[in-house]
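Colleague: I should be grateful for a close look at the aromatic ring pairs in this model and at the parts of the chain around them. Please treat the matter in one connected account.

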Amino acid sequence: MNKIKWLLALLLTQQAASAQRNHFADVLDIHYTVKDTNRIAASFFADNGAWHAYALPVPGTATGFTGPLLMDMKGEWLSKAIAQLHLYADGQELPLQQDTTATHYYPGLLQLGFRAGQIQVQMQLLFSSNREAAIQTVIRNNGTQPLQLRLQWQGAALLKRAQFSRESNSVRIGIAGTKHVFRLHWCAQARWDIQTTADGYTAARNVSIPAGGELEDLQTQGFWPEGNMQTTPEREFDIVLRQNEQRWNGYLQQLFRRMPFNEKDNFRSRLAVKSMITLLTNWRSASGHLRHDGVFPSASYQGFYGFWSWDSWKQAVGLAYFNPSLAKDNIRSLFDYQAANGMVPDCIYADSTENNFRDTKPPLAAWAVWEVFAATRDTAFLREMYPALERYHNWWYAERDHDHNGLCEFGSTDGTRIAAAWESGMDNAVRFDNATMLQNGPGAWSLDQESVDLNVYLSKEKTVLAQMAVVLGKPTAAATFGRQATTLNQQINQLFFDTASGYYYDRHLSGALVRVKGPEAWVTLWAGIAPASRVKKMTQYMLDTTVFNTLVPLPVLDASEKAFDPQRGYWRGPVWIDQFYFGVKGLQRYQQQAAAQTLVNKLWQHASGMKDDQPLRENYHPRTGKGLNAENFSWTAAHVLMLLADKF
């Protein structure tokens, strides 16, 4: 290809990439003003697994990007805006006014515009690696006379522990009491007058811009939570931008190949992209004691700065639609800490001394691995994970089957009931209110009730492990797991089902049912365990407006229960989208498509963040649609993608 044709092809490629990116501008509102270093309940932009993030400034509050937010074991805002632009002509500062028409959040890119008379400023920020962001600032002179300007960047820390120092064309910021290093660096081709103080800096130079001309300023901002600062070579911004567009367009292309709609379906496509960017904003690269990349439940909530096991399984299924390599690492990150006896911890952190081995989480790992395999056909990944999955599966029966009847209970390693409730994933669910602890052996305790959902998940794992064994050429193991699944399904249908009410319930070891209606029943539909004859009655409950068919349907507790408390109840009344998904997917599996679609339509219509630019939330108020608890919640995003992929 000759040079002219190559340049034309490159131009057309860039235009197509920009058009695709532009179509999904501002799917999430990330304008934010920092007032408190510890207040992170906001929407912001991070990418590439970086441990720092930015937002767009509220108009009139700053002349640079909001932040950064620095992340490690918690999140802290370093500054309101660490790099603010000031322009001076003849010693007088030119007032920069934010151009809202040129300020946008695109997938993978922030754009910020300003004007001052005949001067037009455009800033673009993207993440060039898992530790650095690149910021291009273009200053255009739209006037008829050349301009002599003093260009000055300045910033001050809001975080009191920040310590500033100059290093050549850079400003280094350390955080007292940590290894953290944040660095601002300006292109070495320009000479900068850099001055630092105890809590801030200025970096200035004189520039000349001809009439109708423009000036490019390039800086990088990097954050190394481990302190071992390793910078990347300086590159032209156009190259970095092109690589960013290729990567994000790759995500978009993979996503829409898996979706039963395209960009012309504005509602579904924008919701799908919002879900995708939610997962990618919560992506953290390997750091400290985290040996693989993974995904926070939410970077917008201080308590979620780690990787959780059942969150990771669900996130991996969502990630497989557009970033299967991250999906695999998200799973690997938890199995990096699998114990010798097969247990997988509840959660892990960059500081492994905080890892929680008091409990695990419901066994959905094999399902996640199988879904990633279905998306990739990566037999090597299946072969890698199979032994660990088998050990984890067997651990449940060794440590969580108190009476050795083949039905497991949620429990803990330390004998505490609170950890056992955490192990269920439904921390304060009403069904556990009267449960007590029983010791199974050293470091192994169970609740005195067998949970229907736990045993359904284990049945699903047996079925999936059998499928894996077939692919991996293990016919004996496949047959064994298949037989075990059949036996377990018979036990579930015989012992957890109440014929009088037509519903599945947890069961005390004494045999008495825990007659509280919750989502643990409809996972039998999701797994295909329930006999078809039982589906009609269960569907009736799910469609009953006094039970589960609320404004936003399928809360995690029967709405007629006295303890129903969506606003304060956590697992005592809100709608959680993972449990919602299991319910409607189960209905779909049993040909109850109309019922399932009715419930999904109500979710799309009434749950905050589904139709607007507000964040996806941890859970939802079933009677108002208000988003509750953490913002930008990863498993909500993952399950929204599953719902969209399943043609709801």
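Modeller: The account below begins with the ring pairs and then turns to a loop, a helix and a sheet.

The model is predicted. Across the whole structure, a search finds 46 aromatic pairs. One of them joins Phe256 and Phe261 in an edge-to-face arrangement, with 6.2 Å from centre to centre and 75 degrees between the planes. Phe256 and Phe261 are both buried. A further pair is formed by Phe304 and Phe633, whose ring centres are 5.8 Å apart; their planes stand at 55 degrees, so this pair is tilted. The angle falls short of the edge-to-face class, which requires over 60 degrees. Phe304 belongs to the loop between strand E19 (294–295) and strand E20 (307–308), while Phe633 belongs to the loop between strand E31 (627–631) and helix H15 (634–645); the pair therefore ties together parts that are 329 residues apart in sequence. Phe304 and Phe633 are also both buried.

These two residues belong to a wider group. Ring pairs link Phe304 and Phe633 into a cluster with Tyr301, Trp308, Trp310, Tyr349, Tyr570, Trp571, Trp576 and Trp635.

Charged side chains also lie over aromatic rings. Lys460 is placed over the face of Trp526, 5.1 Å from the ring centre. In another case, the charged end of Arg534 sits over the ring of Phe497, at 3.8 Å from the centre of that ring.

The loop between helix H2 (237–258) and helix H3 (266–281) contains Pro260. Pro260 is partly exposed, its relative accessible area being 41%. Once neighbours within four places in sequence are set aside, Pro260 is in contact with Leu644, Ala645 and Lys647. By C-alpha positions, Pro260 lies 26 Å from Met542, and these two residues are 282 apart in sequence.

Helix H13 comprises 13 residues, 577–589, and spans 18 Å from its first C-alpha to its last, close to the 18 Å expected at 1.5 Å a residue. H13 is mostly covered, with eleven of its 13 residues buried. Among the buried residues of H13 are the aromatic Phe580, Tyr581 and Phe582, as well as Asp578, Gln579 and Gln588. Just after H13, Gln591 adopts a positive phi of about 65 degrees.

The last element is an open sheet of five strands, ordered E5-E4-E11-E16-E15 and paired in the antiparallel sense. Its edges are strand E5 (92–94) and strand E15 (193–196), each of which pairs on one side only. With direction ignored, neighbouring strands of this sheet are turned by 30 degrees against each other on average.

Within the sheet, strand E4 (residues 84–89) and strand E11 (residues 147–156) are joined in antiparallel fashion by five bridges. In this pairing, His86 has Gln152 of E11 as its bridge partner, and Leu87 has Leu151 of E11. E4 also pairs with E5, again antiparallel, over three bridges. There, Tyr88 stands opposite Glu93 of E5. The hairpin of E4 and E5 has two residues between the strands, and Asp90 takes a positive phi near 55 degrees in this hairpin.

Technical notes:
Residues are numbered from 1 along each chain as its sequence is written. This is a predicted model: local features need pLDDT of at least 70, side-chain atom pairs count only at pLDDT 80 or more; totals for chains, interfaces and linings use all residues. Side-chain values use heavy atoms; hydrogens and water are left out. Rings of Phe, Tyr and Trp (its six-membered ring) pair if their centres lie within 6.5 Å; planes under 30 degrees apart count as stacked, over 60 as edge-to-face and the rest as tilted. Buried means under 20% relative accessible area, exposed over 50%, partly exposed in between (1.4 Å probe, protein chains only). Helices (H or I, at least four residues) and strands (E, at least two) are DSSP runs, numbered from the N terminus. A charge sits over a ring if NZ of Lys or CZ of Arg is within 6 Å of the ring centre and within 35 degrees of the ring normal. The expected span of a helix is 1.5 Å times one less than its number of residues. Contact means heavy atoms within 4.5 Å. Two strands pair if DSSP finds at least two bridges between them. Axes are lines fitted to C-alpha atoms, for helices over the stretch in contact, and angles run from 0 to 180 degrees between N-to-C directions.
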